[in-house]
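Student: I have a model open and some labels I want to test. Can we go through them one by one?

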Amino acid sequence: MTSQATPTTAPPLTPPWHARWHNRLVALPIFLVGSTVLGLAAWLTPNGAGLGTHRQLGLPPCQFEQVTGIPCATCGCTTSFSHAANGSLLDAFITQPFGALLAVMTAMAVLIAGYALVTNMQIIPIIRFMTRGKVIAIMVGYMLIAWGYTIAQHVG
């Protein structure tokens, strides 16, 4: 009795198109949006008062501040981003600590997404980590502390 081996099909040497480009398609909008935000921030001139830089974009004044007399949780973030994008990280942190953190995180996201575009690195695990409950809770806590700092800085 002769036994014939069943021919096996070798897996393709390269993954299909959608698998090769999936990582890049995830990275592309992160890279484009982050680069645009940082580019706009670099184009703006930080307001010396620490608030109101967003007005250069044609946006209205902060309604929360107008109604309550205290800055909102994100007041100063545009000014902070502008300082950071222009290379003044200390001024960014002094202006609005949460905005400075967001600016640094945006720059990191642009670098990682750019690297992923070139190398096809997977960034979904990073996105999953950054959107975990603990990370979000830490960010919200830091935002609230920074908001208290901003209130003390502009009201007191």
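Student: Where is Asn120 placed?
Tutor: Asn120 sits in the loop between α5 and α6. Keep in mind that this is a predicted model.

Student: What makes the phi of Asn120 worth a remark?
Tutor: Most residues other than glycine have a negative phi. Asn120 is not a glycine, yet its phi is positive, about 70°.

Student: Why is Asn120 called partly exposed?
Tutor: Its relative accessible area is 22%. Buried means under 20%, and exposed means over 50%. The value for Asn120 falls in between, so Asn120 is partly exposed.

Student: Which residue with a positive phi follows α3?
Tutor: Gly87, with a phi near 90°.

Student: What makes α3 an enclosed helix?
Tutor: Seven of its nine residues are buried, so α3 is largely enclosed by the rest of the structure. The buried residues are Cys77, Thr79, Ser80, Phe81, Ser82, His83 and Ala84. For the protein chain of 156 residues, the buried share is 27%.

Student: Why is Cys75 called buried?
Tutor: Cys75 has a relative accessible area of 7%. The cut-off for buried is under 20%, so Cys75 qualifies. Cys75 lies in the loop between α2 and α3.

Student: How far apart are Cys75 and Gly99 in sequence and in space?
Tutor: They are 24 residues apart in sequence. In space they are 8.8 Å apart, C-alpha to C-alpha.

Student: Ile70 is also in the loop between α2 and α3. Is Ile70 buried or partly exposed?
Tutor: Ile70 is partly exposed, at 27% relative accessible area. That value is not under 20% and not over 50%, so the label holds. Ile70 and Trp147 are 77 residues apart in sequence, but 10.0 Å apart in space, C-alpha to C-alpha.

Student: Which residues lie closest to the centre of the second largest pocket, and what is its volume?
Tutor: The volume is about 200 Å³. Of its 16 lining residues, Gly52, His54, Cys62, Cys75 and Gly76 are the closest to the centre. The elements giving two or more residues to this lining are α2 (63–68) and α3 (77–85). α3 gives the most, with three residues.

Student: What is the lining of the second largest pocket made of, by class?
Tutor: Nine residues are polar, six are nonpolar and one is charged. Glycine counts as polar and cysteine as nonpolar, so Gly52 and Gly76 fall in the polar class, and Cys62 and Cys75 in the nonpolar class.

Student: Now the largest pocket. How much space lies in it?
Tutor: About 510 Å³. It is lined by 18 residues. Nearest its centre lie Ile30, Met105, Ala109, Ile126 and Met130. Two or more lining residues come from each of α1 (17–43), α5 (97–119), α6 (124–130) and α7 (133–155). α5 gives the most, with seven.

Student: How do you know which class leads in the lining of the largest pocket?
Tutor: Count by class: 15 nonpolar, three polar and no charged residues. Ala, Ile and Met count as nonpolar, so the five residues nearest the centre belong to that class.

Student: Which residues make the nonpolar surface patch?
Tutor: Leu40, Trp43, Leu57 and Leu59 make a patch of about 410 Å².

Student: Why can Leu40 count towards a patch?
Tutor: A patch residue needs over 30% relative accessible area. Leu40 has 38%, so it passes that cut-off. It is still called partly exposed, because exposed means over 50%. Leu40 is found in helix α1.

Student: Last one. How many helices and strands does the protein chain have?
Tutor: Seven helices and zero strands. Along the sequence the pattern reads α-α-α-α-α-α-α.

Note on methods:
Residues are numbered from 1 along each chain as its sequence is written. This is a predicted model: local features need pLDDT of at least 70, side-chain atom pairs count only at pLDDT 80 or more; totals for chains, interfaces and linings use all residues. Side-chain values use heavy atoms; hydrogens and water are left out. On a 1 Å grid over the protein atoms alone, a cavity is a set of points where a 1.4 Å probe fits but cannot get out, and a pocket is an open set with protein on both sides within 12 Å along at least five of seven lines; lining residues have an atom within 4 Å of a point. Grid points are joined across faces, edges and corners, and a volume is the space filled by probe spheres set on the points. Helices (H or I, at least four residues) and strands (E, at least two) are DSSP runs, numbered from the N terminus. Patches are made of residues with over 30% relative accessible area and no salt bridge: like charges are joined within 9 Å, nonpolar side chains (Val, Leu, Ile, Met, Phe, Trp, Tyr) within 5 Å. Accessible areas come from the Shrake-Rupley method with a 1.4 Å probe; for residues, only the protein chains shown count as cover. A salt bridge is a side-chain nitrogen of Lys or Arg within 4 Å of a carboxyl oxygen of Asp or Glu. Buried means under 20% relative accessible area, exposed over 50%, partly exposed in between (1.4 Å probe, protein chains only).
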